[in-house]
Amino acid sequence: MEKKLERLLANLSPEMKQGDYVFCTSKELPANINLMDIRCFFKEEEGYSMVIQKEIAEEHNLDFDLITSWIELGVYSSLSAIGLTARVANALTEEGISCNCIAAYHHDHLFIDKESAPRALDILQRLSKEN
């Protein structure tokens, strides 16, 4: 796993995943939802936050506010690496793009407003080439 910021940025390898994704919340995990359909979930005091495909949220009558696209950073980043999330967020912020970032064991995952996602992908590719 890479820790050096310069190498992380040079090897970002951002990839847009297929589909529309939404953040939902529920007091309990819906009993009739297949756990394999949940891309990510986190238990908070208020309930479970879930990232799932929009179609699945609609199928299970789960409320959501924002439709996002998912960009995975292909670089194998260490969970102890310093600065990657900040640099990515700053690059997108400078262009007026908000980002919900989730760091998993192997990769970082960005959920970007669907309308802004193609621009975000270009920005990330440019950021990688500059390093």
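## A predicted chain, residue by residue

Gln125 is found in helix α4. The model shown here is predicted. At 32% relative accessibility, Gln125 counts as partly exposed, because that value falls between the limits of 20% and 50%. Its partner far back in the sequence is Ala10: the two are 115 residues apart along the chain, yet their C-alpha atoms are 9.3 Å apart in space.

### Arg119 in the helix

Helix α4 spans residues 117–129, and Arg119 lies in it. Arg119 is partly exposed, with a relative accessible area of 41%. Beyond its neighbours within four places in sequence, Arg119 is in contact with Glu95 and Ile97. Glu95 is 24 residues away in sequence and 8.9 Å away in space, C-alpha to C-alpha. A polar atom of the Arg119 side chain lies 2.5 Å from the backbone oxygen of Glu95.

### The chain as a whole

The chain has 4 helices and 7 strands. Along the sequence they follow the pattern α-β-β-β-β-α-β-α-β-β-α. How does the radius of gyration agree with that of a compact globule? For 131 residues, such a globule would have a radius near 14 Å; the chain has 15 Å, which agrees. The C-alpha atoms fill a box of roughly 45 × 30 × 25 Å along the principal axes.

Of the 131 residues, 39% count as buried. Take the contacts with a separation of 6 or more: residues 24 or more positions apart account for 73% of them. The accessible surface comes to about 8,000 Å², and 48% of that belongs to carbon and sulfur atoms. There are 13 positive and 22 negative side chains. The centres of these two sets lie 8 Å apart.

### Two buried residues

Tyr21 is found in strand β2, which covers residues 21–26. Is Tyr21 buried or exposed? Tyr21 is buried: its relative accessible area is 5%, and the limit for buried is under 20%. Its contacts, leaving aside neighbours within four places in sequence, include Arg39, Val51, Ile52, Leu66, Trp70 and Phe111. Gln53, Lys54, Ile67 and Thr68 are also among them. The side chain of Tyr21 reaches the backbone oxygen of Gln18 at 3.0 Å. Tyr21 and Asp113 are 92 residues apart in sequence, with 9.4 Å between their C-alpha atoms.

His107 sits in a loop, between β6 (100–103) and β7 (108–113). His107 counts as buried, with 13% relative accessibility. Which residues does His107 touch, not counting residues up to four places away in sequence? They are Glu72, Leu73, Gly74, Val75, Tyr76, Ser77 and Ile102. For Gly74 there is also a polar pairing: its backbone oxygen lies 3.2 Å from a polar atom of the His107 side chain.

### Ser49 and its polar contact

Ser49 is found in strand β4, residues 47–53. Ser49 is partly exposed, with a relative accessible area of 22%. It touches Cys24, Cys40, Phe41, Phe42 and Glu44, not counting residues up to four places away in sequence. With Glu44, the link is also polar: a contact of 2.5 Å joins the two side chains. Ser26 is 23 residues from Ser49 along the chain, and their C-alpha atoms are separated by 6.8 Å.

### Two positive phi values

Most residues other than glycine have a negative phi. Ser13 has a positive phi of about 45° although it is not a glycine. Its place is the loop between α1 (5–10) and β1 (14–16). Ser13 is partly exposed, at 47% relative accessible area. Asn61 also has a positive phi, near 55°, and is a residue other than glycine. Asn61 is in the loop between α2 (54–59) and β5 (67–73). At 68% relative accessibility, Asn61 counts as exposed, because that value is over 50%.

### Polar distances side by side

The table sets out side-chain polar pairings described above.

| Side chain | Partner | Distance |
|---|---|---|
| Arg119 | Glu95 backbone oxygen | 2.5 Å |
| His107 | Gly74 backbone oxygen | 3.2 Å |
| Tyr21 | Gln18 backbone oxygen | 3.0 Å |
| Ser49 | Glu44 side chain | 2.5 Å |

Note on methods: Residues numbered from 1 in each chain as written. Predicted model: local features only at pLDDT ≥ 70, side-chain atom pairs only at ≥ 80, totals over all residues. Heavy atoms only, no water. Buried < 20%, exposed > 50% of the residue type's maximum accessible area, 1.4 Å probe, protein only. Contact = heavy atoms within 4.5 Å. Polar contact = N/O pair within 3.5 Å; in protein donor to acceptor, adjacent residues only side chain to side chain. Rg over C-alpha atoms; globule rule 2.2 N^0.38 Å. Areas by Shrake-Rupley, 256 points an atom, 1.4 Å probe, with all protein chains shown as cover. Lys, Arg positive; Asp, Glu negative; His and termini not counted. Charge placed at Lys NZ, Arg CZ, Asp CG, Glu CD.
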